[in-house]
Amino acid sequence: MRARHPEWYQSDTDASKVKGNKSSSSSGPVVWPVPDVIAGKYSFTYNPDTKTGHRGIDIPGGINGGQQVVSAFNGVVVRTEKLTNSYGNFVVVKSVIDNKEIFVYYAHMASFQVKVGDQLDPGSQIGIVGSTGKSTGPHLHFEIRLDNNYDKQINPMNYLGGY
Ligand SMILES: [Zn+2]
């Protein structure tokens, strides 16, 4: 089911630069990171050539936020931080999918409840949707980097393909 929308990464990313992630079929269970918000196709505009555009997807959190943020994949928490000028309260979870290390960023949360070293399953609670850091309203900024490289942004929808 996760290969249901192959056109997404054809149209939204440079496929030659994210070689090998055409199929996430070996990634195991995947959970939509904000379960109370309807899943859907979200726009990813990062351009790897110009290194411009939006580096993740923004899942809305309602007027007041407060929805649970859960882990989309199996993984381990590798970073938790509060950066008031950028990601706000954010958590980074490392996962291995299709033999590649991906680093999943959950940003702008009102709060988080995990610590470095925590093992997460798909659906494990990470925090609460908020609007901390450089944010204009409650939402989850959900971003995936290959090898934790700031310039190797991957369209998260590639890995949320079941949705
Ligand atoms: Zn964003």
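## Where β9 meets β10

I144 stands opposite I154, a residue of β10. In this predicted model, that pair belongs to a two-strand partnership: β9 and strand β10 (residues 153-154) pair in the antiparallel sense over 2 bridges.

The two strands form a hairpin with 6 residues between them. Within that hairpin, look for D147, which takes a positive phi near 55 degrees.

## The other partners of β9

Let us stay with β9 and turn to β1. These two strands run antiparallel and are joined by 4 bridges. One place to find the pairing is at I57, whose bridge partner in β9 is F142.

β5 also pairs with β9, again in the antiparallel sense, and here 6 bridges join the two strands. A107 is a good residue to pick out, with H141 of β9 as its bridge partner.

How enclosed is β9 by the rest of the structure? Of its 8 residues, 6 are buried, so β9 is largely enclosed by the rest of the structure.

## The nonpolar core

Now for the interior. The largest nonpolar core holds 35 residues, and those with the most contacts inside it are V69, F90, V91, V104 and Y106. Several elements give two or more residues to this core: the strands β1 (57-60), β2 (68-70), β4 (88-97), β5 (100-109) and β9 (139-146), together with the helix α2 (156-159). Which of them gives the largest share? That is β5, with 7 residues.

V69 is a helpful residue to follow through the core. Leaving aside its neighbours within four places in sequence, V69 is in contact with P33, V34, Y106, M109, I126, G127, I128, V129 and L140. One residue in that list, Y106, is also among those with the most contacts inside the core.

## A three-stranded open sheet

V69 leads on to another part of the fold as well. In β8, the bridge partner of V69 is G127, a residue that V69 is also in contact with. The strands involved, β2 and β8 (residues 125-128), pair in the antiparallel sense over 3 bridges.

These two belong to an open sheet of 3 strands, arranged in the order β2-β8-β6 with antiparallel pairing. The edges of the sheet are β2 and β6 (111-112). Each edge strand has a single partner strand, so one side of each is left without a neighbour in the sheet.

Notes. Residues are numbered from 1 along each chain as its sequence is written. This is a predicted model: local features need pLDDT of at least 70, side-chain atom pairs count only at pLDDT 80 or more; totals for chains, interfaces and linings use all residues. A nonpolar core is a set of buried Ala, Val, Leu, Ile, Met, Phe, Trp, Tyr and Cys residues joined through C-beta atoms within 7 Å. A residue is buried if 20 or more other C-beta atoms lie within 10 Å of its own, exposed if 12 or fewer, and partly exposed in between; C-beta atoms are placed from the backbone. Two residues are in contact if their C-beta atoms, placed from the backbone, lie within 7 Å. Two strands pair if DSSP finds at least two bridges between them.
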